[in-house]
Amino acid sequence: MKLMRDSTRKKRDFVIETAMRLFIERGFENVSVDDIIAATNTSKGTFYHYFKSKDDIAAVIGDRQTAIVERWVRQSPASVQSLESHINRLFLDLAADVSGYPKLVRSLAALRMQNENLNRKYKEQTGRLYDALMRWLPEHDKVSLLISAYTGILSKWCTTEGADLEQMIRSEFALLWAGLRTSEPAGPLSVAPHPKEEPVMKIAVIGGGLAGLTAAAYLSEEPGAEGVLFERSPQLGGRAFTYEKAGFTLNYGAHAVYGIDRHKLTTLEKELGLSFSSKQVDKRRVMYEKHDKITPAPLDFVNLMKTEVLSTGQKVRFVGEITAIIANIHQLRNYPTLGDYLAESNAGEDLKELWEHLVCSNFFISPEDARKVPGVVISEYYNNLFRSSRPVNYVLGSWAVITNQLKRKIELSGRWEIALQEGIDAIRYEGGKFVLRSKNRELAFDRVIFAMPVQQVIKLLKGTAWEPFLAPYESNTATEVMVYDVGLSRVVARPFSYISDMNNKLFISDVSATDHTLVPEGGQLLQGIAYLHDEFVSDDDRKAYLEQRMQQMERLFDRHYPGWREAIAVKRVSKKAMVASVKNIASNKLLPVQLENVPFLFCGDGCAGKGELAERAFSSARRAAQLLLKEIARPVPV
């Protein structure tokens with residue numbers, strides 16, 4: 001082993017000491033390598049000289065615990081008064097070593113389920129503890145029980161405000177030893193038999209957006225299930241809510257569907273008996289504006305040949321990249337992020353900019369965030385989209401056509417209640433049931449599906465035993481855009497269906513050019529979208545930025561839709577509208593539909609699923625419902 005110089009060791013120990021302080025104060029998941037570098041005033045190169053990642057620093061805790069175990073196991077039997085007191089001393093010493101930082105212990109416990117490196121180190125540490133105990137107490141079942149008891153006490157302690165870890169071990173180990181001391185063999189477990197008739201499973205779905213409606217619609221077809229769909233607001237649909245004003249139908253969520261022939265919505269249409277029509281955006285009328293020059297967007301071979309966004313050589317390169325994505329062999333999928341791929345790509349700057357702009361457009365994010373989208377996410381998304389024969393469609397009549405059918409299906413079952421304007425304020429586990437409390441009542445359920453933004457789930461579960469398992473998702477950020485809707489009393493201009501300003505990263509869709517059902521006769525509905533970044537020095541800085549984005553949007557309207565201001569019949573500006581509750585970038589984590597050690601199911605656009613935006617909501621909701629339907633069909637035997 002290479003010896004470390006004293007000066008080097010001191011620097012390394014200082015980094016460890018500082019990082020541990022930050023972990024203790026903020027929680028492991030809320031401290032980045034950059035935070036540690038800033039706090040220690042070192043360089044990135046110095047940090048990575050000492051450590052492969054911040055996981056290596058967290059492993060110091062495990063190393064200290066292992067050192068305690070090794071000192072314990074080396075003690076001479078002659079110095080030990082009793083086996084029981086000797087084992088108790090070990091667990092009390094292990095507890096004393098971590099008793100000062102419950103938040104860090106809780107963070108690491110939750111992160112082990114997501115981080116293979118941390119999980120592997122924890123298993124190694126537990127293995128050493130097991131081997132050490134077996135040398136003094138060579139009975140597998142008793143040793144396993146001791147370790148399980150200690151792990152359970154540790155978990156309970158770090159999630160209980162102000163708890164005394166040493167006192168918990170002393171009191172609960174006293175009860176444990178009462179059972180371990182007996183020489184009587186363990187008898188069979190006494191279990192009450194199931195009643196002859198299985199009760200109906202009562203299910204709560206919290207959230208009445210696209211995901212919640214979809215999950216409840218699937219479950220409403222099962223006679224063995226009944227439940228309540230809770231929605232805090234006065235209407236269903238969530239961000240897909242639609243309302244009418246002066247003859248115009250406005251969507252809070254754009255009802256454009258990408259790759260509808262390969263979209264999960266087509267699966268729902270068949271399985272739930274939905275009926276809707278859609279119309280494809282005219283690809284020949286989709287334009288990009290770059291440096292005050294308008295050119296066709298390279299959405300297919302014809303437009304690619306016409307576009308002036310790329311040179312001839314770069315067009316050939318782009319065709320090759322599309323072909324590789326369709327064949328699922330593009331190297332992009334092997335890169336952590338789009339930024340990493342572009343940094344190593346030898347493509348021209350215009351082609352790199354096009355890739356960045358495409359990701360901005362389809363993921364509704366700023367260029368800074370576009371470069372943070374994982375390569376595999378982009379590769380899978382465009383593999384699906386490029387293979388579609390209908391890349392961009394609008395659901396005719398807006399999302400209300402879908403949400404109204406899902407609502408009717410739920411109500412017609414007769415076994416489900418739709419509770420509007422009833423939010424859930426608290427949840428607890430009591431008597432084998434999950435008790436949900438709203439403003440006016442408490443109801444008990446067998447299972448719960450959260451169909452709401454991850455941030456709201458974390459807030460609701462704050463202070464419960466399940467909170468630590470949501471810790472890896474606590475810092476997730478949402479995708480937000482500026483939406484500028486104008487309903488015009490007449491058609492002021494129709495030069496194209498869609499114009500994207502590549503310079504300023506914003507676009508305008510002539511929604512009524514594709515979906516005529518949204519406007520009164522002779523009217524026109526335009527929707528402007530501006531991608532937003534979300535890092536600001538101050539609130540004044542944020543306000544100035546949003547004002548600037550609004551002015552850029554209005555100038556784009558002025559350039560291409562002259563006279564629009566005088567023809568406004570309806571206007572709505574949402575300066576920060578949520579598109580997706582979790583931005584699909586490398587620093588965020590999509591919540592799994594089923595999370596280990598958590599008894600709930602999750603669905604929505606912030607959950608793991610197929611595609612992006614609404615498709616993730618549909619697919620995750622379908623998956624959540626399927627898991628419960630299997631459970632109802634095949635009850636778990638006792």
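How many aromatic pairs does the structure hold? There are 28 of them, where Phe, Tyr and Trp rings (six-membered ring for Trp) pair if their centres lie within 6.5 Å.

Before you start: this is a predicted model, with local features needing pLDDT of at least 70, side-chain atom pairs counting only at pLDDT 80 or more, and totals for chains, interfaces and linings using all residues. Residues are numbered from 1 along each chain as its sequence is written, and side-chain values use heavy atoms, leaving out hydrogens and water.

**Exercise 1.** Classify the ring pair Trp355 and Tyr382.

*Solution.*
- Step 1: look up the cut-offs: planes under 30 degrees apart are stacked, over 60 edge-to-face, the rest tilted.
- Step 2: the ring centres are 5.8 Å apart and the planes sit at 75°, so this pair is edge-to-face.
- Step 3: find the residues: Trp355 is in helix α15 (residues 349–363) and Tyr382 in helix α17 (residues 375–386), 27 residues apart. Helices here are DSSP runs (H or I, at least four residues), strands likewise (E, at least two), numbered from the N terminus.
- Step 4: both Trp355 and Tyr382 are buried, meaning under 20% relative accessible area (exposed is over 50%, partly exposed in between; 1.4 Å probe, protein chains only).

**Exercise 2.** Now do likewise for Tyr484 and Phe557.

*Solution.*
- Step 1: with centres 5.4 Å apart and planes at 50°, the pair is tilted.
- Step 2: Tyr484 belongs to strand β15 (residues 479–488) and Phe557 to helix α21 (residues 539–560), so parts 73 residues apart in sequence get tied together.
- Step 3: Tyr484 has 0% relative accessibility, so it counts as buried.
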